[in-house]
Structures are given as structure tokens and as C-alpha cells.
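Me: I would like to learn how to read a protein model. Where do we begin?

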Amino acid sequence: MGAMFRSEEMSMVQLLIQPEAAYQSVAELGELGIAQFRDLNADINMFQRKYTSEIRRCEEMERKIGYIRREIAKDGTVQIPEMPEVIPRTPNSREIIDLEAQLEKTENEIVELSENNHALLQNFMELTELKNVLEKTQVFFSDKSNVQNLEATGGEAANDGKPLGFVAGVISRERVIGFERMLWRVSRGNIFLRQATLEEALVDPKTGDSVHKLVFVAFFQGEQLKSRVKKVCTGYHASLYPCPNESNEREEMLRGVRTRIEDLKMVLGQTSDQRQRVLLNVAKEVPTWEIIVKKVKAIYHTLNMFNVDVSKKCLFGEAWVPTDSLQDVKTALVSGSAAVGSAVPSFLNIIATDEVPPTYNKTNKFTRGFQNLIEAYGIASYREANPALYTIITFPFLFAIMFGDLGHGLILLLLGLWMVLWEKTLDKNKEEIWQLFFGGRYIILLMGIFSMYTGFVYNDVFSKTMNIFGSGWSINYNTSTIMENKELQLNPSEDYSETVYWYGLDPLWMLATNKIIFLNSFKMKLSIIFGVVHMIFGVCMSLVNHRHFHRLENVLLEFIPQILFLILLFAYMCFMMFFKWIAYSAVTDEDHLKPGCAPSVLIMFINMMLFKSQEPLDTCKEFMFDGQKTLQVIFIVLGLICIPWLLLAKPFFIMYKRKGKAHDHVAEPAPQPAGGHGHDDEPMSEIFIYQAIHTIEYILSTISHTASYLRLWALSLAHAQLSEVLYTMVFHIGLQNDSYVGAIMIWVVFWPWSVLTIGILVGMEGLSAFLHTLRLHWVEFMSKFYEGLGYAFKPFSFKALLEEEEAE
């Protein structure tokens, strides 16, 4: 966890690599994923860089692999395996040339097979259409009433016994209506059209889609009309086929067509088998090829960021590297040079820079979800304290205060366990929403565990209570008194055994009519106490940042007045809550310490802020202990002193420093450490304004943020009451009958009750509590110390590159 407390220390390094070893060296760095390269050629066009031609070669290989993948998908019978778990190694230059040649050969082979298959399918479709034309037209020509039908349409019959001319063909069913109208218009009704529907749909060889067509025969008279009919057929993409006049010639032609179709089917089957064998062999290699080409392309894109010296014998590169990983980078450079047998070694130099380094927090699958919550607010400034380390505990705990129920927490726990135990299988689902939900599986697991803990403290299981350790209260009324009165009061001085319930709330409170009043008071105070502790911890974290960045003046000028103001007022209010719980009791001989004399902490705090007093009741005292009034005045005065201290001390300190520098004739100011705010270039007026805004924001936020933590009480109360209402109005229906019918009713109402419980109480209420917890961390906690002005460390990594491509 030490690595999470603060981001990794980064170093700017300069790499000097020989051109022949550059490819292999960068490949080794890509496998490690520990170097974020800077673009030293930002002013040079991408097309004018050294390795642009190599990138184009990679893009051409990507195009070929994409074509192969589309052909495999079009085939439908061959499946491409998923990305291998073990990422293949980066090939050397010779292997890239071999891969390029293999892709070229494979593409040409698939193209040739596809073209041959397309030509065969086209020929098969034409022969099938011709067969249907010969079969359907046999009926048309056997009809002797063609001339009479032509006359009936309004046209002129053939004179002198001349036979009618005709054309036969096939047309798409969607174009038939327009085709008929056009023939009618161009012939002025002198065409007789017969048509028949094909029973089986044909397959278009170009698209592979099913096409429904019709066979037609158009009878007409004269060569001029024949020419017009053919033009109309061409315009409507109708296929015309030769059809003999004599019946025996048609029969002979039909037999020949059927023989050719059978032979063509055999050839098509052999061609399809050959194509399928080729695609099956290629499909196994496609994922590996894609990974290799992506890695090679990424290497050359990275090499384009390097600068070439004047002699073109060395490449210069700059990169941010974690200081702890410098030795790994040196080892990678040595391995790259050794892989190509370079006699000249590569060099690594650490260079000084004024640029702010990137922020790099090492995470694992457990901590990554919590780190993402923090980075959604803003990337941490370089080397400032990382809130994610503490969020691992505080986030699920504050969530559980609002969601405290042993049963609902168990449901969250089971959900989290399911995602954790089967994470390898569930991680294969790459949907964006699911990945967002799945990435927080360990957060859900901890939220379930903490919710079960707070549910045990609240003694709440699906709105019901448990009496495990025995209640400290006893009922001393007789049976008749109990049966005749709906409500009876228990006197703590008589009916309470002074034995505190061993853990959590006493179960008898869940049966009391004043349960809500008691729980309201308890949870409200609890919310304020945890909120003040949380904010004090946030202010203390600013001390850690001040010390690390050597801003020791901020400790005296900012941290001390901030922590004093928070402790003297709000931590004192929490102290009064604890003192009230401990000092006042029903079992005591002192009248002023009995429950009736216990003052309201809120009223006492308001009177303290306004310097007011309140007349106590008889036998009671206004204050909880002697000297409290004097102590409160001291706290108020010190708290008021903190306001001008916070407002004016730092600007006057900066003014004093500037005067000292002017007297010492300092020409250049000392550089500010990373993560700090420099004020050397700002006029004093802006510094005073900035400090005034900062002071007002902090003073007001201590009040508003303290009140904001009351959401812990409000959501906890709402969750408990909604759970009780759901149990009373739904599940309780099955408990009203003590016969066998009641057992059936319990089974019936259990399902809507469970659905509503999971959907509303666990789903919607859980999401609401999650968002409120997130707000408490972002605003109330992190605003006390977290700047979030950094930028993320994005190293050149093959693993990250492939994961990003897979997500897209």
C-alpha cells in the first residue's frame, strides 16, 4: 500500500539508440510498458517523418487482414477464435517481411477463389434461369389462343398467317408492374405478355441475398416492336434467354441445360470445399496476425517521435520513466541491441527539466476501482497525497452508514463475491456499461461487508430485529395490565438492568413507539461525529502535502488556523455529544444529571456562537460541567482569531519575502516545487483577493460541509423506513393467516417482496447511497487537501494498446 500513498517518482530520460537496434529496443520497452515518450518532431508533418513508409506497410497489412476477416465472416461456416490469452511476441524485421509475403499470398488465393466462385455462381444462376424459362414457356407455346388474346387486348393480329415474334426471359418480381406498363405504352397494346412465378428463390452471386423472380414471354409482331421490347428489357434489368420455336428443340435444349447444371453443382461443391479449407487454415492465424501488426505499427509510430542526429547514425528519444524502473529500461535497451547483434550499445541519460512530470499510481485489480473514483474527480498533482488509499475504508464505511441492513448487505456481498470469483469469465463481456459496473466489483464486495457490519450495529435485518445477547430491559407489569393497555412506559430507573446490550442497539428499541425519535437522535449525532472526524482527517492530509513539498510556511499560515477553527468549534460540539451520553443517566442521585436536565447540544452550540444564555429548569444546570461557559468563550475568541489569521497572514508573508528579495537583489526567484502554487509573478492585489476567497470558502464550508454529513442520517432513516413499509405492506400479508393457506400466501408474496427489495432497496437505494458517498468524498473530504491538477502517466504499452482496441 506504500505505493498508493503517493504517486511514483518520475524521471525524464534521454535515449540514444542505434538505428538498427531502435525497432527491437522500442519493442522491449513496449512489452514492459514503463516509458511515456515525448514527441520531439511535433513541428514535422506526419508524412515527412522517418518511418512513415513502414507505417503505410503496416496499414496495408491491416487492410489485407481486414479483407480476410470479412471473407471469413461472409462464409458463415468458419469461426475466428478469440484473442489469445498469451500475447505473441513482437517479430523481428525478417519475420515482418515473411508475414507480409504470407498475407499477400493468402489474399491473392482468397481473391482468386472468390472470383472463381462468383463466376461459377453467376453461370449457375443463368443456367437455372434458362432452365426455368424453357420449362415455363412450354406451357405458353402449347396455348393456341395467343392470337385471339392479342386481339382481345386491342392490338392487331398477324396477317397472312405469319407467326408472332417473341422474347423470353426472367425479371425481378419487384419490377414486374412497371415493366408491364412500359411494354403496354411502347407497343400501344400490341404485345401479349405471359408470366409465371419461380417457386424457388435464386441467390444473387454478388450480394448473397435471396432474389424472387418471374419468367415472362412477350409475344409481338414486327422487328421494330422487337427492338423496342429488348430496350425495355434492358432498362428493367431483365435477363433474356434464347428459346427455340419448335417443341422438340426446346426439349433437347432443356436436357442439355440440366446436364450442365448438374456438372456445375459438382464444380461449385469442390470450389466451396477448397475455399472453406483455405479459410479454416487462415482463421486460426487471424487474431495473431492482428496483434502482431498492431504492435509493429505502434512501434513505428513511437519511433517517429524520435529525433535523428545530423549524421543519421543515432536516434534521440525522451521519455518519462518511473525512477524505480530505470534499471528495467537499461536492461531493455541492452536486450534490444543484443537481439540485432549491434556492436554499439544504447545509452540512457537522466536529464533535468522544469516540466511537471505525469502522475503514476500503481494499482492492482483490487485498488483500481477506488483509484478510478478519485481520478474521475481529477488526476492527482505530481507526488501529492493520494486519497484512494484511505477511500478503500472510508468509502464503503460511509456507504454502509446510509445502507445499514444485514440482509441487504448480504445481497450486495453475494453480488460482489459472484463477480470476484467468476471474474475471468465475466470479464469477457466487453459492453461498456457492464465493464463500468464490473470494474467496481471489489467496491461492491466491501460495501456489502461494511453494510452487514452496520446492519448488525443497527440490529436491522430486512427491517426486523435480532435478540442475540438478551435485552437489558425487562417488563415488570402484570399480565392484566399488559393486556388491557396498548401502550406502557418503561422506566429506565426501574425496568433497565444497567447492562448494556453487548453489541449494537438493544432489540427492545425496535418495538418501542418512540423508536424513530430515538433513532433520529442517535443517527443524527453519529453523522455529525463521523463527518467532523472525516473533515479533520482531510485537513491533516494537507499537512502531509505541505511537508512533502517543503511549504513549511503554509503549516503556520494555513494548516494551524484551519485545524484550530475546525477543532475549537465542531470537534467541541462532538465532545459535548459524548459528554452528554456519558454524564447523564436515569440511575443517579444527582438531580441535575438526570435525563430531564440533559441540554440540547444544538441549542447549546447556537447559544455558544451567539453568546446567549438560557434559563435552566428547576434542579437543572445550564451547562454540563463547571467552567464550560468560560471554556466556550475562549474557544469562540480563538476561532474568531483564526479568521484574520487565515485571511491576512499569508499575503503579508509573501509581501515580506518580496521586500527581502528586493533588498538582497535576487535576480531569479527560486523554482517552486512540483505541486505547489507559485505567487512570484502575481500582483499583491490578486494574492489578497485569492486568499480572501480561499478564507471565505473554508469558513463557510466548515459549516455547510458539517451539515452535509447529515445526509448519512437522512438516507439511513429513509432506507430503514422504506424497508419496514415494504415488509409491512407486502410480506406481512402472508403472515396474517396461521393455517395452510398462510403458508401458500407466504410463498406467493415472497416473490413480489423479493423483487421490490432487490430492485428498490438494494438497486435504487444502493445507487443513491453510492452517489451521496461519492459526493462526501469529492467535496467534503478531498477539498481540504486535494488539488487534482495533474495529468495521467500513459506509457507506451502493448498490453494497454490491445485492451483499448478490444474495448472499442
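Reply: Start with how elements are named: helices are DSSP runs of H or I with at least four residues, numbered from the N terminus. Keep in mind that this is a predicted model. With those names, Arg-383 can be placed in the loop between α11 (368-377) and α12 (388-403).

Me: What is the sign of phi at Arg-383, and about how many degrees is the angle?

Reply: The general idea first: most residues other than glycine have a negative phi. Arg-383 is not a glycine, yet its phi is positive, about 70°.

Me: Where does Thr-619 lie, and is it buried or exposed?

Reply: Thr-619 sits in the loop between α21 (601-610) and α22 (628-664). Its phi is also a positive value, near 65°, and the residue is other than glycine. Exposed means over 50% relative accessible area. Thr-619 has 54% relative accessibility, so it counts as exposed.

Me: Which residues of α21 are buried?

Reply: Buried means under 20% relative accessible area. In α21 the buried residues are Val-601, Met-604, Phe-605, Asn-607 and Met-608. Viewed down the axis of α21, these buried residues fall within an arc of 165°, so they line one face of the helix. Leu-602 and Leu-610 are exposed on the other side of α21. After α21 comes Phe-611, with a positive phi near 55°.

Me: How should I read a pocket?

Reply: Rolling a probe the size of a water molecule over the atoms shows where empty space is left. Here, the second largest pocket holds about 1900 Å³ of space. It is lined by 39 residues, and those closest to its centre are Trp-473, Pro-492, Trp-509, Asn-514 and Phe-518.

Me: Which helix gives the largest share of the lining of the second largest pocket, and how many residues of each class are in that lining?

Reply: The largest share comes from α19, with five residues. Both α19 (515-548) and α20 (552-583) supply at least two residues each. By class, the lining of the second largest pocket has 26 nonpolar, seven polar and six charged residues.

Me: What feature does UniProt place at residues 96-123?

Reply: An annotation may be inferred rather than shown by experiment. The UniProt record, an unreviewed entry, places a "coiled-coil region" at residues 96-123. In the model, residues 96-123 are 100% helix and 0% strand. The C-alpha atoms at the ends of residues 96-123 are 40 Å apart.

Technical notes. Residues are numbered from 1 along each chain as its sequence is written. This is a predicted model: local features need pLDDT of at least 70, side-chain atom pairs count only at pLDDT 80 or more; totals for chains, interfaces and linings use all residues. Side-chain values use heavy atoms; hydrogens and water are left out. Buried means under 20% relative accessible area, exposed over 50%, partly exposed in between (1.4 Å probe, protein chains only). The arc is that of the directions from the helix axis to the C-beta atoms. On a 1 Å grid over the protein atoms alone, a cavity is a set of points where a 1.4 Å probe fits but cannot get out, and a pocket is an open set with protein on both sides within 12 Å along at least five of seven lines; lining residues have an atom within 4 Å of a point. Grid points are joined across faces, edges and corners, and a volume is the space filled by probe spheres set on the points. Ala, Val, Leu, Ile, Met, Phe, Trp, Tyr, Cys and Pro count as nonpolar, Asp, Glu, Lys and Arg as charged, and the others, Gly among them, as polar.
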